[in-house]
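Got your viewer open? Let's take a short walk through this model, one selection at a time.

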Amino acid sequence: MLVMLGGVGIASILFFGARIIGVLVGNQFLGSAAFLPYYGVAMVFLALTNLLGSYGVATHRVAFAAPLVALVALMLAVIAFERQSVLAVVQTFMVGNALMCLSVTIALTIEGLRAIGRRESVA
C-alpha cells in the first residue's frame, strides 16, 4: 500500500510538480520543481525504511540498526564534505535512502530466515 501511494505521489510530482510548488509556496520557488522527483523518491524510500524498522523493533529483530546507522553517517558525511550542488545533495539523499531501505530489508530477511531455521531444527 505504501509503495502504491508513493507511486501516485511521485507520478503527481512528475506531472504537476511546478503547480504543486506554486500553490504551496508561491511562484518564486518554481526553480525547485526540478528537485521534487528525486526528493519524492527519497521520501518513499525513507517511509519504507521507517515501516520496516518499526516492524523489526516490534518483532525484536534489530540487527538492521548497525548498518542503518552506518549508512546514515556515510550519507551525511558525503553531503557535508563533498560540497555538492543542491541537485547532487538531493540525489545523494535519494541514493542514501534507497541503500538504507535495502540494508534494512536484507537484515530483516536474514534474521527472519534464521528464525525459521531455528524453529525447523527444534521440531
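Here is what to click on, stop by stop.

Before you start: this is a predicted model, where local features need pLDDT of at least 70, side-chain atom pairs count only at pLDDT 80 or more, and totals for chains, interfaces and linings use all residues. Residues are numbered from 1 along each chain as its sequence is written, and side-chain values use heavy atoms, leaving out hydrogens and water.

**Stop 1: Leu14.** Select Leu14 in helix H1 (residues 2-25); helices are DSSP runs of H or I, at least four residues, numbered from the N terminus. Leu14 is exposed, at 56% relative accessible area. Exposed means over 50%, buried under 20%, and partly exposed in between, using a 1.4 Å probe and protein chains only. Now add Phe15, Phe16, Ile20, Val23, Leu24, Val25 and Phe29: with Leu14 they make a nonpolar surface patch of about 880 Å². Patch members have over 30% relative accessible area and no salt bridge, and nonpolar side chains are joined within 5 Å.

**Stop 2: Thr49.** Jump to helix H2 (residues 36-58) and pick Thr49. Is Thr49 buried or exposed? Thr49 is buried, with just 8% relative accessible area. Its side chain reaches the backbone oxygen of Phe45 at 2.8 Å. Beyond neighbours within four places in sequence, Thr49 is in contact (heavy atoms within 4.5 Å) with Leu68, Asn97, Met100, Cys101 and Val104.

**Stop 3: Phe93.** Finish in helix H4 (residues 86-122) with Phe93, which is partly exposed at 21%. Leaving out neighbours within four places in sequence, Phe93 is in contact with Tyr39, Ala42, Met43 and Met75.

Notes: Patch = residues over 30% accessible without salt bridge, like charges linked within 9 Å, V, L, I, M, F, W, Y side chains within 5 Å. Areas by Shrake-Rupley, 256 points an atom, 1.4 Å probe, with all protein chains shown as cover. Salt bridge = Lys/Arg side-chain N within 4 Å of Asp/Glu carboxyl O. Helix = DSSP H or I, 4+ residues; strand = E, 2+ residues; numbered from the N terminus. Polar contact = N/O pair within 3.5 Å; in protein donor to acceptor, adjacent residues only side chain to side chain.
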